[in-house]
Amino acid sequence: MIQMKMTKRIENGEPVLFIQGQLTAQAAPFFDETLKKVLGDGKEIVLDFTEVEFIASAVLRVLLSVEKKLKLAQGGITIRNANDVVMEVFRLTGLKEFLNII
């Protein structure tokens, strides 16, 4: 069972996806599909991780894949409000240097 909820809003003309719960391996395909739907033809997306409790490696692969595609289009993902646990995962995996995290 997926223990995650995502809500989309537009801020300053860009999509912002507010994520709540756990980004588990089981949630990775749903997360990937939702990111692609929210992005549409866009090149930029903000992910608000204020209420993300956990992030699995399968979700990290989704982030990496989407980020690579967006960078080719001169865009990217911005992650904001990640807690210390999630930030440590980004640091340990090296994704902190690859992703725009604010």
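1. A residue is called buried at under 20% relative accessible area, exposed at over 50%, and partly exposed in between, with a 1.4 Å probe and protein chains only. Helices (H or I, at least four residues) and strands (E, at least two) are DSSP runs, numbered from the N terminus. With those terms in hand, here are my notes.

2. This is a predicted model, in which local features need pLDDT of at least 70 and side-chain atom pairs count only at pLDDT 80 or more, while totals for chains, interfaces and linings use all residues. Residues are numbered from 1 along each chain as its sequence is written, and side-chain values use heavy atoms, with hydrogens and water left out.

3. A word on confidence. The protein chain has a mean pLDDT (the predictor's confidence in each residue, from 0 to 100) of 94, and 99% of its residues reach 70 or more. Strand β4 has the highest confidence, with a mean of 97, and helix α4 (residues 95-98) the lowest, at 92.

4. Now the interior. The largest nonpolar core (buried Ala, Val, Leu, Ile, Met, Phe, Trp, Tyr and Cys residues joined through side-chain atoms within 4.5 Å) has 31 residues, and I19, F31, L47, F49, L63 and F90 touch the most other members. At least two core residues come from each of β1 (4-11), β2 (14-23), α1 (28-39), β3 (44-55), α2 (57-72), β4 (76-80) and α3 (84-93). Helix α2 gives the largest share, seven residues. In soluble globular proteins, nonpolar side chains tend to be buried together.

5. F90 is a good residue to click on. Contact here means heavy atoms within 4.5 Å. Neighbours within four places in sequence aside, F90 is in contact with F49, I55, L60, L63, I79, L95, K96, L99 and I101. Two of these partners, F49 and L63, are also among the core residues that touch the most other members.

6. Helix α1 has twelve residues and spans 16 Å from first C-alpha to last, close to the 16 Å expected at 1.5 Å a residue; the expected span is 1.5 Å times one less than the number of residues. Its buried residues are A28, F31, T34, L35, V38 and L39. Viewed down the axis, these fall within an arc of 125°, so they line one face of the helix; the arc is that of the directions from the helix axis to the C-beta atoms. An α-helix has 3.6 residues a turn, so residues three or four places apart point the same way. The elements covering the buried residues of α1 include β1, β2, β3 and α2. On the face turned away from the buried side sit the exposed residues P29 and K37.

7. Helix α2 is also as extended as it should be: its 16 residues should span 22 Å at 1.5 Å a residue, and the end C-alpha atoms are 23 Å apart, which agrees. A58, V59, L60, V62, L63, V66, E67 and L70 are its buried residues, and they pack against β2, α1, β3, β4, α3 and α4.

8. What do V66 and E67 touch from helix α2? V66 is buried, at 5% relative accessible area, and, leaving out residues up to four places away in sequence, touches D32, L35, L39 and I77. E67 counts as buried at 2% relative accessibility; with the same residues left out, E67 touches G76, I77, F98 and L99. S65, also placed in α2, counts as partly exposed, at 32% relative accessibility.

9. Please look at the ends of the helices too. G40 follows α1 with a positive phi, near 55°, and G94 follows α3 with a positive phi, near 85°. After α2 comes Q74, with phi near 65°, a positive value in a residue other than glycine. Q74 lies in the loop between α2 and β4 and is exposed, with a relative accessible area of 66%.

10. The loop between β4 and α3 holds N81, another residue other than glycine with a positive phi, near 65°. N81 is partly exposed, at 41% relative accessible area. At the start of α3, a side-chain oxygen of N83 comes within 3.0 Å of the backbone nitrogen of V85.

Technical notes
Polar contact = N/O pair within 3.5 Å; in protein donor to acceptor, adjacent residues only side chain to side chain.
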